[in-house]
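Subject: Structure handover

Hello,

Here is the structure you were waiting for. My notes on the fold, the cores and the aromatic residues come after it.

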Amino acid sequence: MRLHTTIYFLCLANSKKYGGRCVGGIQVDLNASYGIQGVIYRNNEPKWVRLVSNSENGQIETELVKDYKLLDIMKADIIPCPYSYQCENAYFVPESLKKVSSLNLLSYIDKKNFLEHILSHDRTLFGNRYEKIWHSVIKKGRVKKSLMLIKPSKVSPYFDTKYERFRIKFWYNNCQYDLPITDLEFIEKFKKNKLLLKRKRNIYFTISLGEEFTPKGNKSPAHYKLVAGIIYF
């Protein structure tokens, strides 16, 4: 029987997923006196974790995590269960999940510096400049992760009337993207204030690569890129 490991992580996604939630973030060392002491790395990149359950699609019950916010520092007892490109996946003990602090307690400069420190340096989103990655590419093992933090520019959220969902256009490394938003807190705030991101000097996205999906009228399954967390100040 595998033993659980206690970890701390900075929450960078608490988004909708198949009627529940998807919670993930970057693992950190925690020092009681100074908050975040440092970032835990794997293969020279910040080490991500995505909490999953035993449900069909791994989603977490909304009631368990609905009060946790982006930039909360969380504690959880986990057992890693990486699967294919989702190397970040980990089962967790529900009652172990707790908020212990928040990055929002830091000064503006310290918060910005920390987020800049954990940005992805990849030139594209999971290896290409499109909104999705074909499942055939995933099967060949060409994609090694499914979460990343980026700093976009020229962001423009909107409501797609055709498919009735919120999306956001943005630029990243000289390429324009147009992706669905799954950050429920951002969506609710954007409904009330369409100028939510206007004049914000610091905007960060957590980009997630979704599970296999075959749209109507399309014979080839694909994995779609999602904006799972939007941080701004």
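The protein chain has four helices and 16 strands. Please keep in mind that this is a predicted model. The C-alpha atoms fill a box of roughly 50 × 45 × 35 Å along the principal axes. A compact globule with 233 residues would have a radius of gyration near 17 Å, and the 17 Å of the protein chain agrees with that. Buried residues make up 50% of the 233. Of the contacts between residues at least 6 apart in sequence, 66% join residues at least 24 apart.

Cores

The largest nonpolar core has 34 residues. Phe 9, Leu 51, Leu 97, Leu 115 and Ile 118 have the most contacts inside it. Elements giving two or more residues to this core include strand S2 (20-31), strand S7 (72-80) and helix H2. Strand S1 gives the most, with five residues. Apart from this core lies another, of 27 residues, among them Phe 126, Met 148, Ile 168 and Leu 196.

Ile 118 is in contact with Leu 10, Leu 12, Ile 26, Val 39, Pro 46 and Leu 149, leaving aside its neighbours within four places in sequence.

Helix H2

H2 covers residues 108-117, and its buried residues are Lys 111, Phe 114 and Leu 115. They cover an arc of only 95 degrees around the axis, so they lie on the same side of H2. A lysine in that list may catch your eye: the charged end of Lys 111 sits over the ring of Phe 233, 4.3 Å from its centre. Likewise, the charged end of Lys 169 sits over the ring of Tyr 158, at 5.4 Å from the centre.

Aromatic residues

A search of the whole structure finds nine aromatic pairs. One of them is formed by Phe 186 and Tyr 232, which meet edge-to-face, 6.1 Å centre to centre and with 80 degrees between the planes. This pair links distant parts of the chain, since Phe 186 is in helix H4 (residues 184-192) and Tyr 232 is in strand S16 (residues 222-232), 46 residues apart.

Are these two residues buried or partly exposed? Phe 186 has a relative accessible area of 2%, so it is buried. Tyr 232 has 22%, and because buried means under 20%, Tyr 232 counts as partly exposed. Both belong to a cluster that ring pairs build from Phe 159, Phe 166, Phe 186, Phe 190 and Tyr 232.

Regards

Notes
Residues numbered from 1 in each chain as written. Predicted model: local features only at pLDDT ≥ 70, side-chain atom pairs only at ≥ 80, totals over all residues. Heavy atoms only, no water. Buried < 20%, exposed > 50% of the residue type's maximum accessible area, 1.4 Å probe, protein only. Arc of directions from axis to C-beta. Phe/Tyr/Trp six-rings, centres within 6.5 Å; stacked < 30°, edge-to-face > 60°. Lys NZ or Arg CZ within 6 Å of the ring centre and 35° of its normal. Core = buried A, V, L, I, M, F, W, Y, C linked by side-chain atoms within 4.5 Å. Contact = heavy atoms within 4.5 Å. Rg over C-alpha atoms; globule rule 2.2 N^0.38 Å.
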